[in-house]
Amino acid sequence: MASSIIWWAGILLTCSILVRGVSAKLLARYPFFYAYNLSVLVAWVPPLFLYVANSPAYNTWYWIAQLLTLIVGYGILLEIFKHVLSPYPGAERFARLAGIVVFGAIFCFALVYPLVKSHGGASATMVEFERDLRTVQAIFILGLLVVIAYYGIEIGKNMKGMIAGYGLYIVTSLVTLAVRSYAGASLVWIIQPLSYDVSLVIWMIALWSYHPNPILESSVRLEAEYEALVAKTRGAMGGMRSQLGRVARP
Amino acid sequence: MIQLILFSLIGALLVFALFFAMRRGPRTEGSSTALVGARQALNSLQAGLLPPELVERIFAPEDYEFVASQAPKDVRDLFCAERKKVAIMWVDQVRQQIRSLMRFHLGSARFHAGLSLQTEIGLAVDFTGLLIACRALQVLLYLRGAYSAPRMVGATAATATRVCRISEESLAFLNAASIGGLGDRSAGAARLL
């Protein structure tokens with residue numbers, strides 16, 4: 001009963017987000033985000049009917065829908081990356097290079113992991129697979145947040161909501177799947193769809209209307225090259241360090 | 001169990017990062033207001049707050065010698081405690097200058113498409129090292145007092161001058177025309193008000 005309510009509430013909220021996206025003309029601005037929401041709606045309606053009908057095909061459909069929405073969910077990360085970092089080429093380059101390094105490390109891990117891991121049932125494997133993909137998403141969003149904080153990048157209400165909503169869902173999914181993988185199926189299964197509904201509410205509020213990211217005044221861009229900036233900063237720090245050393249000496 | 005802890009740790013880190021990202025207030029590095037403000041702060045530091053003579057006066061051992069020779073122990077102790085507070089506050093100002101320089105660098109570097117990941121990581125380590133050094137100096141002053149190091153007076157004054165010069169160099173990155181334009185615009189806004 002509880003699961004049905006959560007499920008229907010999720011579908012209702014997703015429909016509302018899509019309708020609001022159309023009426024507020026946000027679809028063209030955030031196409032990946034709305035494509036994700038549409039894919040969730042399309043992918044989750046068949047399993048819902050199978051669940052209500054108590055069909056044995058439900059499990060298969062569940063994992064197909066879950067994996068499909070998980071992969072399309074990477075589009076939300078792309079959307080955030082594009083909108084938050086595109087006005088800052090330096091920070092974008094930093095995030096891109098860091099992302100490539102992280103992706104390389106995860107790819108290597110994915111190649112080695114099947115060789116060393118113990119084999120469980122098909123369901124256990126799917127839980128672990130989803131957990132691992134959620135981990136990749138968590139690391140990407142974590143890296144993005146570090147870059148945003150480090151370079152003091154301003155984010156608008158839309159992006160804040162998108163990050164908070166998806167981040168919350170990723171965290172809940174990651175921890176829930178880790179617990180399921182460790183302890184098997186338990187009561188925690190309800191937490192993941194429930195947290196998704198909470199994320200939908202956050203998105204609904206944050207994406208009610210268009211709020212662009214704050215734009216800095218372009219007239220105050222610096223003319224100096226990056227190398228010159230780095231050299232000056234290094235020189236300044238070197239001077240400060242030597243002076244501080246002298247102060248510290250008795 | 002290790003896996004569970006590892007994934008929970010990643011989750012906790014993400015919650016922590018999300019919390020701070022949502023709470024973070026507006027920062028205006030790179031905006032005209034911040035840059036004009038930085039210029040004004042530098043001017044007031046150079047002109048009023050940190051001239052070498054003033055810093056030399058704050059750390060002058062002669063003051064301590066005079067108080068030690070003329071006043072009772074209670075007054076001497078109070079004097080030392082007050083001077084220690086002043087010295088610690090001065091290091092705090094140096095720290096703020098380093099932070100200001102760091103913010104200015106990051107506020108500028110984020111626009112440069114030719115940014116180097118290696119260099120940025122190296123600079124981040126350097127900035128962190130300097131900020132830690134300042135904290136260590138504050139601890140040293142707190143434990144040993146402002147008069148524990150005889151050479152501190154000269155070095156203090158030199159550092160004060162140096163800090164102001166560094167800030168000036170940092171602000172010199174700005175295009176002179178932009179600064180002029182900003183000044184004009186600020187004057188215009190003031191006239192309107």
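## Confidence first

Chain B has a mean pLDDT of 68, with 58% of its residues at 70 or more. Keep that in mind while browsing, since this is a predicted model. The weakest element in chain B is helix α8 (residues 176-192), where the mean drops to 38; at the other end of the scale, helix α1 (residues 2-23) of chain B has the highest mean, 86. Residues 174-193 of chain B have a pLDDT below 50, and beyond near neighbours in sequence this stretch has 11 contacts in the model. Where pLDDT is low, the predicted coordinates should not be read in detail.

Chain A has a mean pLDDT of 79, and 79% of its residues reach 70 or more. Among its elements, α8(A) has the highest mean, 90, while helix α9 (residues 226-248) of chain A has the lowest, 66. For the complex, the predictor gives an ipTM of 0.74 and a pTM of 0.69.

## Two chains of helices

Chain A contains 9 helices and 0 strands. Its 250 residues are 35% buried. Take the contacts in chain A between residues at least 6 apart in sequence: 81% of them join residues at least 24 apart.

Chain B has 8 helices and, again, 0 strands. Of its 193 residues, 31% count as buried. Here, 90% of the contacts with a separation of 6 or more are between residues 24 or more positions apart.

## Helix α1 of chain A and the loop after it

Start at the N-terminal end of chain A. Helix α1 covers residues 2-23, and at 1.5 Å a residue its 22 residues should span 32 Å; the end C-alpha atoms are 31 Å apart, which agrees. Its buried residues are A:Gly10, A:Thr14, A:Ile17 and A:Gly21. Looking down the axis of α1(A), you find these buried residues within an arc of 60°, so they line one face of the helix. What do they pack against? The buried residues of α1(A) pack against α2 (31-52) and α8 (191-206) of chain A. On the other side of α1(A) there are exposed residues, including A:Ile5, A:Trp8, A:Leu12 and A:Val19.

Just after α1(A) comes A:Lys25, with a positive phi of about 55°, although this residue is not a glycine. A:Lys25 is in the loop between α1 and α2 of chain A. Is A:Lys25 buried or exposed? With 10 C-beta neighbours inside 10 Å, A:Lys25 counts as exposed.

## Helix α4 of chain A

Helix α4 (residues 74-85) of chain A has 12 residues, which at 1.5 Å each should span 16 Å; its end C-alpha atoms are 16 Å apart, in agreement. The buried residues of α4(A) are a mixed set: A:Ile76, A:Leu77, A:Ile80, A:Val84 and A:Leu85 are on the list, and so are A:Glu79 and A:His83. One of these, A:Val84, turns up again as a contact of A:Ile148.

## The nonpolar core

The largest nonpolar core holds 70 residues, and those with the most contacts inside it are A:Ile141, A:Ile148, A:Leu174 and B:Leu14. Which helix gives this core its largest share? That is helix α7 (residues 157-183) of chain A, with 12 residues. Of the 27 residues of α7(A), 21 are buried, so the helix is largely enclosed by the rest of the structure. Its length checks out too: at 1.5 Å a residue, α7(A) should span 39 Å, and its end C-alpha atoms are 38 Å apart.

Leaving aside neighbours within four places in sequence, A:Ile148 is in contact with A:Val84, A:Ile153, A:Ile155 and B:Ala21.

## A:Leu142 and chain B

A:Leu142 is worth clicking on. This residue is in helix α6 (residues 122-150) of chain A, and with 21 C-beta neighbours inside 10 Å A:Leu142 counts as buried. Which residues does A:Leu142 touch, not counting those up to four places away in sequence? They are B:Leu13, B:Leu14 and B:Ala17. B:Leu14 is also among the residues with the most contacts inside the largest nonpolar core. Within chain A, A:Leu142 and A:Gly167 are 25 residues apart along the chain, and their C-alpha atoms are separated by 8.8 Å.

Terms used:
Residues numbered from 1 in each chain as written. Chains lettered and ligands numbered in written order. Predicted model: local features only at pLDDT ≥ 70, side-chain atom pairs only at ≥ 80, totals over all residues. Helix = DSSP H or I, 4+ residues; strand = E, 2+ residues; numbered from the N terminus. Expected span 1.5 Å × (residues − 1). Buried ≥ 20, exposed ≤ 12 C-beta atoms within 10 Å, placed from the backbone. Arc of directions from axis to C-beta. Contact = placed C-beta atoms within 7 Å. Core = buried A, V, L, I, M, F, W, Y, C linked by C-beta atoms within 7 Å. pLDDT = per-residue confidence, 0-100.
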